[in-house]
Amino acid sequence: MKSGPLLGGVELGGTKCVCLIGTGPDDIRTQISIPTGSDADATLRHIEETLRSGMSIHGPIEALGIASFGPIDLAPRSATYGNITSTPKPGWRDTPVASRLARAFKVPIGFNTDVNGAALAEGRWGGAQGLNDFAYITVGTGVGVGLVVGGRTVCGFTHSELGHVRIARKAGDAFGGACVFHGDCVEGLASGVAIAARVGGPADRVSADDPVWELVAHALAQLLNTLVLATAPKRILVGGGVAESRPELLPRIRRLLVESLNGYLDLDRLTGGIDGYVVPPGLASLAGPMGALALAADAI
């Protein structure tokens, strides 16, 4: 076993929650997934029971990290701090996640978005170690960005929502978009939900040579273009279920990013090479769950 404080984590996703206890990626003592149902109270009760069961075996945790789908309220002085806010997920709007779990476990709580948590995990244990400026992008059911600038996740009046930026669309792409709020934002064009809507079936069943992937890669390259020009991250990590299942997507994104910059920036000179600049997450599929433990570690 690794030494260090025993931490609890909850990666609260739109379709499943991952409850875990451990000290880091090399010391995960329990990791259990449960469905994120439409009854928020029942799901949170199930989370509490799952964590207590793990603690009965492994001992008490010293802090709990919650990496949640959003949007969420991250303003510490807000009356609704720690709540999920305007989510389209049925049954979860205005749910007080952080305050409820704080009452249940009476330990320091770290609370942030799931993608910000994953970014912090990559900085602590994964592919962004040693960097103060980087971005973690997840391409799965939705598209999210965890953006770290100066060693901290970006947060103004709320957390950033770069998966919902509007982009220059690929010529000839007439798809209306799948985002319930914005239609053809990046998430509406390139998420797993968007791909399924484009092709009429699950994204994981689409062949690697299907033309849809060029449309997806174009939208994601436009997102990277925005990140590069807005904050100049020293590395961009691209993960999530869609990206992990299609490793051939990353070379397309790199190529289209360079094309979209059109020589304005020499990424090879500035970053040491595009292949080492836009990369998979070092923690692979553990980036999300480890995000919750990273938030717990930061809360101590």
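**Exercise 1. In which sense do strand E1 and E2 pair, and over how many bridges?**

Work through the start of the chain, keeping in mind that this is a predicted model.

*Step 1.* Find strand E1 at residues 7–12 and set it beside E2: the two pair in the antiparallel sense over 6 bridges.

*Step 2.* Check some partners. Leu 7 has Gly 22 as its bridge partner in E2, and Leu 12 stands opposite Cys 17 in E2.

*Step 3.* Look at the connection. E1 and E2 make a hairpin, with 3 residues between them.

*Step 4.* Now turn to E4, another partner of E1. E1 and E4 pair in the parallel sense, over 6 bridges. Leu 7 turns up here too, as its bridge partner in E4 is Ala 63.

**Exercise 2. Follow E2 into strand E3, then take a look at Thr 30.**

*Step 1.* Strand E3 covers residues 27–35, and E2 pairs with it in the antiparallel sense over 8 bridges.

*Step 2.* Pick one pair of residues: Leu 20 stands opposite Gln 31 in E3. E2 and E3 form a hairpin as well, with 2 residues between them.

*Step 3.* Thr 30 lies in strand E3. Its relative accessibility is 18%, so Thr 30 counts as buried, the cut-off being under 20%.

*Step 4.* Who touches it? Setting aside neighbours within four places in sequence, Thr 30 is in contact with Cys 19, Leu 20, Ile 21, Gly 54 and His 58.

**Exercise 3. Work out how well covered E1 and strand E2 are.**

*Step 1.* Start with E1, which is mostly covered: 6 of its 6 residues are buried.

*Step 2.* Sort them by direction. Leu 7, Gly 9 and Glu 11 point one way from E1, while Gly 8, Val 10 and Leu 12 point the other way. That fits a general habit: in a regular strand, side chains alternate between the two faces of the sheet.

*Step 3.* Go on to strand E2, residues 16–24. Of its 9 residues, 8 are buried, so strand E2 is largely enclosed by the rest of the structure.

**Exercise 4. Why does Cys 17 have no bond to Cys 19?**

*Step 1.* Recall that a disulfide is a covalent bond between the sulfur atoms of two cysteines.

*Step 2.* Check the distance. The closest cysteine sulfur to that of Cys 17 is in Cys 19, 6.3 Å away, and a disulfide needs the sulfurs within 2.5 Å, so they are too far apart for a bond.

*Step 3.* The structure as a whole holds 0 disulfides.

*Step 4.* Compare the surroundings of two cysteines. Cys 17 is buried, at a relative accessible area of 0%, whereas Cys 155 is partly exposed at 39%.

**Exercise 5. Track down the aromatic pairs and say what each one ties together.**

*Step 1.* There are 2 aromatic pairs in the structure. In one of them, Phe 69 and Trp 92 meet edge-to-face, 5.7 Å centre to centre with 75° between the planes.

*Step 2.* Both Phe 69 and Trp 92 lie in the loop between strand E4 (63–68) and helix H2 (97–105), so the pair ties together parts that are 23 residues apart in sequence. Phe 69 and Trp 92 are both buried.

*Step 3.* Tyr 81 and Phe 111 form an aromatic pair with ring centres 6.2 Å apart and planes at 75°, so this pair is edge-to-face. Tyr 81 sits in the loop between E4 and H2 and Phe 111 in strand E5 (residues 109–113), so parts 30 residues apart in sequence are tied together.

*Step 4.* Buried or exposed? Tyr 81 is partly exposed at 31%, but Phe 111 is buried at 7%.

*Step 5.* Rings can meet charges too. The charged end of Arg 52 sits over the ring of Phe 105, 5.2 Å from its centre, and Arg 124 lies over the face of Trp 125, 5.6 Å from the ring centre.

**Exercise 6. Describe the largest nonpolar core and the open sheet.**

*Step 1.* The largest nonpolar core has 41 residues, and Ile 137 and Leu 220 have the most contacts inside it. Helix H6 (residues 212–231) gives the most, with 11 residues.

*Step 2.* Beyond its neighbours within four places in sequence, Leu 220 is in contact with residues including Val 139, Val 186 and Ile 253.

*Step 3.* For the open sheet, line up 5 strands in the order E8-E7-E6-E9-E10, with mixed pairing. Its edge strands are E8 (152–153) and E10 (278–279), each pairing on one side only.

*Step 4.* Zoom in on strand E6 (residues 134–139) and strand E9 (residues 236–239): they run parallel, joined by 4 bridges. Tyr 136 has Leu 237 as its bridge partner in E9.

Key
Residues numbered from 1 in each chain as written. Predicted model: local features only at pLDDT ≥ 70, side-chain atom pairs only at ≥ 80, totals over all residues. Heavy atoms only, no water. Buried < 20%, exposed > 50% of the residue type's maximum accessible area, 1.4 Å probe, protein only. Phe/Tyr/Trp six-rings, centres within 6.5 Å; stacked < 30°, edge-to-face > 60°. Lys NZ or Arg CZ within 6 Å of the ring centre and 35° of its normal. Core = buried A, V, L, I, M, F, W, Y, C linked by side-chain atoms within 4.5 Å. Contact = heavy atoms within 4.5 Å. Pairing = 2+ DSSP bridges.
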